[in-house]
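The following exercises concern a predicted model. Each one sets a task and then works through a solution in steps.

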Amino acid sequence: MKPQEKITLLNDLVRDRIRRSIDVKKALLLDAGFHTLVSQVAMQIVKSLRAGGKVFFFGNGGSAADAQH
């Protein structure tokens, strides 16, 4: 495979990953049940912290970072 072909394949891969990410975000944006669930979880976190509780985030590497966001 020529270097230019490799670059083209990598560019296609990058565009595909970005497109998939956008598709997931669009689906979440349209999912009212997801919005409600996130709001309920946020309220429980606030309630716990105000009562002196703690929140633990779990995951391996990137998963842990995503959970914290």
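**Exercise 1.** Determine how Arg15 and Asp12 are placed relative to each other in helix α1, and whether they are paired or unpaired.

*Solution.* Step 1: Both Arg15 and Asp12 belong to helix α1, where three residues, about one turn of the helix, set them apart.
Step 2: The closest N and O atoms of the two side chains are 2.4 Å apart. A salt bridge requires a side-chain nitrogen of Lys or Arg within 4 Å of a carboxyl oxygen of Asp or Glu, and Arg15 forms one with Asp12.
Step 3: Arg15 is partly exposed, at a relative accessible area of 43%, and Asp12 is also partly exposed, at 36%.

**Exercise 2.** Identify the salt-bridge partners of Asp16 and state what the shared pairing produces.

*Solution.* Step 1: Asp16 forms a salt bridge with Arg17, with 3.0 Å between the closest N and O atoms.
Step 2: Asp16 also forms a salt bridge with Arg20, and here the closest N and O atoms are 3.1 Å apart. Because Asp16 and Arg20 lie four residues apart in helix α1, about one helical turn separates them.
Step 3: Through shared partners, the salt bridges join Asp16, Arg17 and Arg20 into one network.
Step 4: Asp16 has a relative accessible area of 23% and is partly exposed. Arg17 is partly exposed at 47%, whereas Arg20, at 52%, counts as exposed.
Step 5: The count for the protein comes to three salt bridges.

**Exercise 3.** Locate the nonpolar surface patch and name the elements that give two or more residues to it.

*Solution.* Step 1: The patch is formed by Val24, Leu28, Phe34 and Val38, which together have about 310 Å² of accessible area.
Step 2: The elements contributing two or more residues are α1 (3–29) and α2 (32–50).
Step 3: Val38 is found in helix α2 and is partly exposed, with a relative accessible area of 41%.

**Exercise 4.** Decide whether the protein is spread out or compact by the globule rule.

*Solution.* Step 1: The protein has three helices and zero strands, in the order α-α-α along the sequence.
Step 2: The radius of gyration is 19 Å, well over the 11 Å that the globule rule gives for 69 residues, so the protein is more spread out than a compact globule.
Step 3: Along the principal axes, the C-alpha atoms fill a box of roughly 60 × 30 × 10 Å.
Step 4: Of the 69 residues, 1% count as buried. The protein exposes about 6400 Å², of which carbon and sulfur atoms supply 63%.

Notes: Residues are numbered from 1 along each chain as its sequence is written. This is a predicted model: local features need pLDDT of at least 70, side-chain atom pairs count only at pLDDT 80 or more; totals for chains, interfaces and linings use all residues. Side-chain values use heavy atoms; hydrogens and water are left out. The radius of gyration is taken over C-alpha atoms; the globule rule is 2.2 Å times the number of residues to the power 0.38. Buried means under 20% relative accessible area, exposed over 50%, partly exposed in between (1.4 Å probe, protein chains only). Accessible areas come from the Shrake-Rupley method with a 1.4 Å probe; for residues, only the protein chains shown count as cover. Patches are made of residues with over 30% relative accessible area and no salt bridge: like charges are joined within 9 Å, nonpolar side chains (Val, Leu, Ile, Met, Phe, Trp, Tyr) within 5 Å.
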